[in-house]
Amino acid sequence: GIHFGGTIDDESQVWILNNDSIIGDRKGIYVNGGVFDTALVEIIGNTWIQGEDEDGIDFNGNISGDATVRINDNDDIRASDNGIEFAGISDNATVEILGNNHGIHSNNHGIFFGGSINGNADLDIHDNIINADDNNNGSGDGIHFASSVNDNATINIGDGLGSTFANDPSNIISGFDGIHFEGSVNDDVRVVIDGNRIGFDGLTLAGPYSNDRVGDDGIQFIDNLNDDVHVHITDNHIRSTDDGISFAGAIDDNVHVLVGGDTEFPDGNTINANGTGVQFEGSITEQARIEVSGNNIASGLSGIVFNGPTSNTGAGNDEDILIKYNTIEADNYGIVFDGLASGQNHDIMIRDNFQVHGHGADGIRHQGGINEAELRTLANDDVFGDDDGIHISGAFSNDALIRINDNTVDSDDDDGIDVTQSGGAGGVDLFITDNHVHNTGDNGIEVTNVDDGFIAFNEIHNTDTDGIRVQGSEDTQIRWNN
């Protein structure tokens with residue numbers, strides 16, 4: 001429809017404004033060269049942009065050198081391939097994609113970044129309706145980053161609220177994955193994903209809305225997060241066929257991941273996932289910090305999952321992994337840690353959650369063992385497991401600490417609280433105190449192969465077998481329980 005064969009540079013200014021229709025057999029608008037040297041390109045207020053065989057809008061060269069590109073307030077952008085495509089963004093460039101909210105409609109990705117984003121680049125994507133993978137080929141994501149993000153880049157996807165679905169939504173996204181990062185994220189990058197509706201469709205941002213569950217994950221990071229990266233995922237409503245939010249790679253080097261939050265206003269996400277609600281598949285090490293708080297999670301598998309080993313100490317001796325203020329309704333585990341927790345200053349805190357239900361397994365489970373580290377499960381209001389309410393197992397060594405305090409726990413088929421050490425006893429300080437344990441399928445509290453445990457001030461009733469069962473353990477104190 002419109003084709004720039006070379007570069008746009010040297011303070012050039014290009015405006016493509018208020019056209020009724022721009023339709024190309026190949027691409028709607030095609031910029032074949034780069035945009036750089038403080039150049040400006042604005043594509044604003046056009047009624048219809050279409051690439052009948054390829055992309056709606058394609059920037060085939062890099063956006064760099066303090067250049068600015070704005071794609072704002074266009075009614076319809078339609079494509080057989082990607083709705084909007086960029087080769088890469090770097091060197092203090094700014095890209096805005098705002099208010100295209102009758103829709104970005106594509107058979108492949110809605111917005112596609114084929115190259116890396118780095119060098120203080122600034123990317124803002126707000127208030128769009130994105131319908132990707134329109135032909136249901138199983139590959140088109142709402143927003144897809146194909147390469148790495150590096151070097152102080154800032155990515156803001158959404159700027160809405162989330163207390164209710166209709167309360168100021170930002171982007172409304174459907175596709176295979178909602179938002180997908182294929183490459184690593186490194187070097188002081190800031191990623192904020194805020195106030196989006198993922199797995200939905202809308203005629204306008206103000207509605208009416210309909211469910212359009214994404215074909216795979218709501219938000220997915222495939223590769224590692226490294227080197228002082230901050231990822232904040234807040235106020236989103238997500239409906240996914242697989243995981244709601246997935247981190248597949250390792251997390252290390254002063255990385256801070258926040259899923260939810262409650263610092264100024266309740267910023268939790270509402271997640272309805274046929275798979276896992278929030279999943280961390282890789283190791284979590286060095287000075288990383290992880291917080292999952294204030295979310296409402298309904299999942300067909302488990303609510304919150306950590307598959308890999310954890311040893312991070314980013315919070316300075318306290319709450320290196322923090323899970324609080326969540327409401328979790330899961331068909332398997334409510335919260336589960338599969339890997340070893342290790343390191344003298346490593347601390348896992350699961351506290352003040354309103355509800356943690358695991359209807360196919362345990363409510364809260366840590367099964368990878370604990371070496372030197374601390375695991376604290378405190379003041380959770382309603383913990384239920386189809387098997388155990390709270391289950392902690394594996395090898396415990398080098399003065400590990402397990403503290404289970406002030407929880408309300410019940411179970412269907414097994415124990416309310418079960419702490420079992422594999423191998424010989426010893427190597428751990430265990431405190432089970434002030435819990436209300438009731439209506440269990442087996443024992444109220446069971447401790448196996450743990451010496452020097454302290455079980456006190458618990459209220460235990462309506463157990464199917466024993467109130468407190470201790471076996472293979474020496475010097476256990478059982479005091480002041482009812």
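**Salt bridges, core and loops of an all-strand chain**

In this predicted model, the side chains of Asp76 and Arg78 meet in a salt bridge, with nitrogen and oxygen 3.1 Å apart. The two partners differ in their surroundings, since Asp76 is buried, with a relative accessible area of 6%, whereas Arg78 is partly exposed, with a relative accessible area of 25%. Salt bridges that share partners also join Arg26, Lys27, Glu54, Asp55 and Asp58 into one network. Side chains of opposite charge can pair when their charged atoms come close, and the count for this model comes to 13 salt bridges.

Within the network, Lys27 forms a salt bridge with Asp58, the closest N and O atoms being 2.9 Å apart. Lys27 lies in the loop between β3 (22–24) and β4 (29–31), while Asp58 belongs to strand β7 (residues 57–63), so the pair ties together parts of the chain that are 31 residues apart in sequence. Both Lys27 and Asp58 are buried. A further salt bridge is found between the side chains of Arg70 and Glu96, at 3.4 Å from N to O. This pair likewise links distant parts of the chain, with Arg70 in strand β8 (residues 68–72) and Glu96 in strand β11 (residues 94–98), 26 residues apart. Arg70 is partly exposed, its relative accessible area being 25%, whereas Glu96 is buried at 18%, because this value falls under the 20% limit for buried residues.

As to the chain as a whole, the secondary structure consists of 0 helices and 55 strands. The radius of gyration is 25 Å, close to the 23 Å that the globule rule gives for 482 residues, so the chain is as compact as a globular protein of that length. Along the principal axes, the C-alpha trace spans about 80 × 40 × 35 Å. Of the 482 residues, 59% count as buried, and the accessible surface comes to about 16,300 Å², of which 39% belongs to carbon and sulfur atoms. Among contacts between residues at least 6 apart in sequence, 80% join residues at least 24 apart.

The largest nonpolar core comprises 104 residues, and those with the most contacts inside it are Phe59, Phe113, Phe221 and Phe247. A second, separate core of 5 residues includes Ile129, Phe165, Ile172 and Phe200. When residues up to four places away in sequence are not counted, Phe247 touches Phe221, Leu225, Val231, Ile233, Val257, Val259, Gln279, Phe280, Glu281 and Gly282.

The surroundings of two serine residues were also examined. Ser106 lies in strand β12 (residues 103–106) and, at 1% relative accessibility, counts as buried. A polar atom of the Ser106 side chain lies 3.2 Å from the backbone oxygen of Asn108, and a polar atom of the same side chain group in Ser106 lies 3.3 Å from the backbone nitrogen of Gly110. Leaving aside neighbours within four places in sequence, Ser106 is in contact with Ala79, Asp81, Asn82, Gly83, Asn131, Ala132, Asp133 and Asp134.

Ser311, by contrast, is found in the loop between β33 (304–306) and β34 (321–324) and counts as partly exposed, at 26% relative accessibility. Residues up to four places away in sequence aside, Ser311 touches Ile284, Thr285, Glu286, Ser342 and His346. Ser311 and Asp216 are 95 residues apart in sequence and 30 Å apart in space, from C-alpha to C-alpha.

Glu286, one of the residues touched by Ser311, has a positive phi of about 55° although it is not a glycine. Glu286 lies in the loop between β30 (278–280) and β31 (289–293) and is partly exposed, with a relative accessible area of 38%. A positive phi, of about 65°, is also found at Asp406, which is not a glycine either. Asp406 is placed in the loop between β46 (400–405) and β47 (408–411), where it counts as partly exposed at 42% relative accessibility. Finally, the peptide bond from Gly207 to Pro208 is cis, with omega near 0°, and Pro208 has its place in the loop between β22 (200–202) and β23 (209–211).

Terms used
Residues are numbered from 1 along each chain as its sequence is written. This is a predicted model: local features need pLDDT of at least 70, side-chain atom pairs count only at pLDDT 80 or more; totals for chains, interfaces and linings use all residues. Side-chain values use heavy atoms; hydrogens and water are left out. A nonpolar core is a set of buried Ala, Val, Leu, Ile, Met, Phe, Trp, Tyr and Cys residues joined through side-chain atoms within 4.5 Å. Buried means under 20% relative accessible area, exposed over 50%, partly exposed in between (1.4 Å probe, protein chains only). Contact means heavy atoms within 4.5 Å. A salt bridge is a side-chain nitrogen of Lys or Arg within 4 Å of a carboxyl oxygen of Asp or Glu. Helices (H or I, at least four residues) and strands (E, at least two) are DSSP runs, numbered from the N terminus. A polar contact is a pair of N or O atoms within 3.5 Å; within protein, one must be able to donate a hydrogen and the other to accept it, and residues adjacent in sequence count only if both atoms are side-chain atoms. The radius of gyration is taken over C-alpha atoms; the globule rule is 2.2 Å times the number of residues to the power 0.38. Accessible areas come from the Shrake-Rupley method with a 1.4 Å probe; for residues, only the protein chains shown count as cover.
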